[in-house]
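Trainee: I should like to take a close look at a single part of this model and to see how it sits within the chain.

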Amino acid sequence: MDEVLFRALAERVAGYLDGVDRLATAQPWEAGRELRRLAGAWRSLLGQHTPTGRKRRCGGCPAPRGSPAMCSVWRVAGAWFARA
Ligand SMILES: [Zn+2]
């Protein structure tokens with residue numbers, strides 16, 4: 001995936017997860033804890049799937065065939081967290 005496009009996607013997803021953390025502070029304690037847990041789990045998962053190396057391939061998925069592409073973890077995050 002193009003580095004500029006990936007960075008734009010990563011910023012949108014990070015902004016969404018930051019928003020979830022902010023929302024968590026306005027919730028009852030237990031609901032806020034669960035929102036923070038979900039956001040933290042997504043950050044961890046996305047961190048494990050950050051493209052690395054010269055060819056910018058996912059560091060968490062088996063080597064893809066063909067050209068480097070965004071892995072399924074980032075595709076799901078983009079579809080759910082980066083839409084308007
Ligand atoms: Zn991956």
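How many helices and strands are there in the chain, and, for the close look, where is Arg56 found?

Mentor: The model is a predicted one, and its chain contains three helices and two strands. Their order along the sequence is α-α-β-β-α. The C-alpha trace spans about 50 × 25 × 15 Å along its principal axes. Of the 84 residues in the chain, 8% are buried. Among contacts with a separation of 6 or more, 48% are accounted for by residues 24 or more positions apart.

Against that background, Arg56 belongs to the loop that runs between strand 1 (51–52) and strand 2 (57–58). The backbone there deserves attention: Arg56 is not a glycine, yet its phi is positive, at about 55°. Most residues other than glycine have a negative phi. As to its surroundings, Arg56 is partly exposed because 16 other C-beta atoms lie within 10 Å, a count between the limits of 12 or fewer for an exposed residue and 20 or more for a buried one.

Gly15 offers a useful second point of reference. This residue is found in helix 1, which covers residues 3–25. Gly15 has 12 other C-beta atoms within 10 Å and is therefore exposed, since the exposed class takes in counts of 12 or fewer. Gly15 also has a partner remote in sequence: Phe81 is 66 residues away along the chain, while the C-alpha to C-alpha distance between Gly15 and Phe81 is 8.8 Å.

Note on methods:
Residues numbered from 1 in each chain as written. Predicted model: local features only at pLDDT ≥ 70, side-chain atom pairs only at ≥ 80, totals over all residues. Helix = DSSP H or I, 4+ residues; strand = E, 2+ residues; numbered from the N terminus. Contact = placed C-beta atoms within 7 Å.
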